[in-house]
Amino acid sequence: MKMSYFPGCTLKNKALDLDAYARRSAEALGVSLEEIENWQCCGGVFTTAKDEVATKLSSVRALKDALTKNQPLITVCSACHNVIKQTNHAMQTDSEFAAKVNRYMAEETDYLGETQVYHYLEMLRDVVGFDTLKSKVVNPLSGKKIAAYYGCLLLRPNATMQMDDPENPRIIEDFIRAIGAEPVIYANRNECCGGYVTMESPALSKARSNAVIEDAKAAGAEMVITACPLCRYNLMKNGADIPVVYFTELLAEALGVKEDTHE
């Protein structure tokens, strides 16, 4: 099974291991991730202004590239996923915006949101299946109590993202169970870590991060996993005293391919 792959800036620069974990794990599960040639930054954040076209063009190009290959597009960073998924939705539902984008791109065929977009976690759940994932695990993380941290961007806005219940999600908890560990449920798992205000208000960012970590610890968590590189960085930078791990690292460990990620 082949899928077009948008790794995003962070996983191609500061977090190369996390990208390698994603690729090797996918191969172990029978999925070939084909990185889009000449991809560019997704834009970092989805702006809701209809006249803001330029920052969305890289996402549209990636979506259209996947369409030409008749492949779904998979993302692994929750920020990239949010921007690409919202851009795709806008191309599907806002004819005025789509017309502006297509006029700007001036290509032979218009793009109207035809590409199926998956976050890597959705691929595990909806394409591979968590039961199949469980059957492929060779190093189950038995006995580990792990808190899922969703953050802001993976689930919202729900009408567009449509990944899970934004108030009571379970996709990461089901992932944790599939790799043999025990999920820890806590109140702050889908609250903001303060990452987007860290430059403006370091104190607020630290307070939000601390609230997440302390809540997870109080519920019995030994570590936290996330699908957002920014959340991971912010939680760690603000002094998390339990491990904060990207989900692809634990996936690679469970599948027995973690040590094979360095070329």
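**Notebook: cavity, cores and aromatic pairs**

I searched the whole structure, a predicted model, for enclosed space and found 1 cavity of 30 Å³ or more. I recorded about 90 Å³ of space in the largest cavity.

I then listed the residues lining the largest cavity: S78, Y150, C152, L153, C192, C193, G194, G195, Y196, C228, L230 and C231. I sorted this lining by residue class and obtained 9 nonpolar, 3 polar and no charged residues.

I turned next to the nonpolar cores. The largest has 73 residues, and I noted that Y120 and F175 touch the most other members. For F175 I looked up the contacts beyond its neighbours within four places in sequence; they are L121, L124, F130, L133, I225, F247 and L251. Apart from the largest core I found another, of 15 residues, with V184, A216, A221 and V244 among them.

I searched the whole structure for aromatic pairs and found 4. For Y120 and F247 I read a distance of 5.7 Å between ring centres and an angle of 65° between planes, so I entered the pair as edge-to-face. Y120 belongs to helix α5 (residues 120-128) and F247 to helix α11 (residues 247-255), so this pair ties together parts that are 127 residues apart in sequence. I checked burial and found both Y120 and F247 buried.

For Y246 and F247 I read ring centres 5.3 Å apart and planes at 45°, so I entered this pair as tilted. Both Y246 and F247 are buried.

Finally, I grouped the rings and noted that Y120, F175, Y246 and F247 form one aromatic cluster.

Terms used. Residues are numbered from 1 along each chain as its sequence is written. This is a predicted model: local features need pLDDT of at least 70, side-chain atom pairs count only at pLDDT 80 or more; totals for chains, interfaces and linings use all residues. Side-chain values use heavy atoms; hydrogens and water are left out. On a 1 Å grid over the protein atoms alone, a cavity is a set of points where a 1.4 Å probe fits but cannot get out, and a pocket is an open set with protein on both sides within 12 Å along at least five of seven lines; lining residues have an atom within 4 Å of a point. Grid points are joined across faces, edges and corners, and a volume is the space filled by probe spheres set on the points. Ala, Val, Leu, Ile, Met, Phe, Trp, Tyr, Cys and Pro count as nonpolar, Asp, Glu, Lys and Arg as charged, and the others, Gly among them, as polar. A nonpolar core is a set of buried Ala, Val, Leu, Ile, Met, Phe, Trp, Tyr and Cys residues joined through side-chain atoms within 4.5 Å. Buried means under 20% relative accessible area, exposed over 50%, partly exposed in between (1.4 Å probe, protein chains only). Contact means heavy atoms within 4.5 Å. Rings of Phe, Tyr and Trp (its six-membered ring) pair if their centres lie within 6.5 Å; planes under 30 degrees apart count as stacked, over 60 as edge-to-face and the rest as tilted. Helices (H or I, at least four residues) and strands (E, at least two) are DSSP runs, numbered from the N terminus.
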